[in-house]
Amino acid sequence: MLPHEDTRADSIRNALPVRRHAAVVGERYAMSTLQKALVVGSGSIARRHLANFRQLLPGAEVGCVSASGRSLASGETTATTQLQSMSAAIAWLPDLAVVASPAPLHLEHARQLLEAGVPVLIEKPLSDSLER
């Protein structure tokens, strides 16, 4: 690897959100300071994000909430914490979230998280409609 090339982990670290929080305004979170990562959704893409968080953030809690609000079965995901609703997920105070719910729900889930001050990555597509 050449000195100017980033490893995949470096790229992920560099892409971490700048947290808009009174205690850490303008500071970039380091991988080691992230304590809670949330994934909204429990399908195949969501499960991939859960596995990535578990690998990249071994000391962090990784939460999952079903997009439909249904209870997740034991062992259905690799999440360390299973949350029952979006309001419970927001109250859990995640440091960041990935929205991997069905496309028609992406913007609504992202809006709730963003209004609570949680940095969000939204899986593609952003929405299933130009009307949303």
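Two strands are taken to pair if DSSP finds at least two bridges between them. In this predicted model, strand β1 (residues 36-40) and β2 meet that condition, with 5 bridges joining them. The two strands run parallel. One of the facing pairs is Ala37 and Val62, the latter in β2.

The pairing extends to an open sheet of 5 strands, ordered β3-β2-β1-β4-β5 and parallel in its pairing. Strands β3 and β5 (120-122) each have a single partner strand, so one side of each is left without a neighbour in the sheet. Neighbouring strands are turned by 20° against each other on average, with direction ignored.

Further bridges define the remaining pairs. Strand β2 (residues 61-65) pairs with strand β3 (residues 81-83) over 3 bridges, in the parallel sense. Here Cys64 has Gln82 of β3 as its bridge partner. Strand β2 is also mostly covered, with 4 of its 5 residues buried. On the other side of β1, 4 bridges lead to β4, again in parallel. Leu38 is matched there with Ala97 of β4. Strand β4 (residues 96-99) in turn pairs with β5 over 3 bridges, in the parallel sense. Two of the facing positions can be named: Val98 stands opposite Leu121, and Val99 stands opposite Ile122.

Helix α2 packs on this sheet. The helix touches β1, β2, β4 and β5, and its direction makes about 170° with that of β1. Helix α2 (residues 44-56) also belongs to a right-handed β-α-β unit, together with β1 and β2. A second crossover leads from β4 through helix α4 (residues 106-115) to β5. This crossover is right-handed.

In a regular strand the side chains alternate between the two faces of the sheet. Strand β4 provides an example: Leu96 and Val98 point one way, and Ala97 and Val99 the other way. All four of these residues are buried.

The largest nonpolar core holds 15 residues. Those that touch the most other members are Ala37, Val39, Leu50, Phe53, Leu57, Cys64 and Leu96. At least two residues of this core come from each of β1, α2, β2 and β4. The largest share, 3 residues, is supplied by α2. Another core lies apart from it and has 13 residues, including Met86, Ala97, Ala110 and Val118.

The contacts of Leu50 reach several parts of the chain. Neighbours within four places in sequence aside, Leu50 is in contact with Val39, Val62, Gly63, Cys64, Thr77, Thr78 and Ala79.

Arg48 is placed in helix α2. Its relative accessible area is 57%, and the cut-off for exposed is over 50%, so Arg48 counts as exposed. Between Arg48 and Thr78 the C-alpha to C-alpha distance is 9.6 Å, although the two are 30 residues apart in sequence.

Asp95 presents the opposite case in accessibility. With a relative accessible area of 11%, against a cut-off of under 20%, Asp95 counts as buried. Asp95 lies in the loop between α3 (86-91) and β4. A polar atom of the Asp95 side chain lies 2.7 Å from the backbone nitrogen of Gln35.

Terms used: Residues numbered from 1 in each chain as written. Predicted model: local features only at pLDDT ≥ 70, side-chain atom pairs only at ≥ 80, totals over all residues. Heavy atoms only, no water. Buried < 20%, exposed > 50% of the residue type's maximum accessible area, 1.4 Å probe, protein only. Right-handed = clockwise from strand over helix to strand, strands pointing away. Axes fitted to C-alpha atoms, helices over the stretch in contact; angles between N-to-C directions. Contact = heavy atoms within 4.5 Å. Core = buried A, V, L, I, M, F, W, Y, C linked by side-chain atoms within 4.5 Å. Polar contact = N/O pair within 3.5 Å; in protein donor to acceptor, adjacent residues only side chain to side chain.
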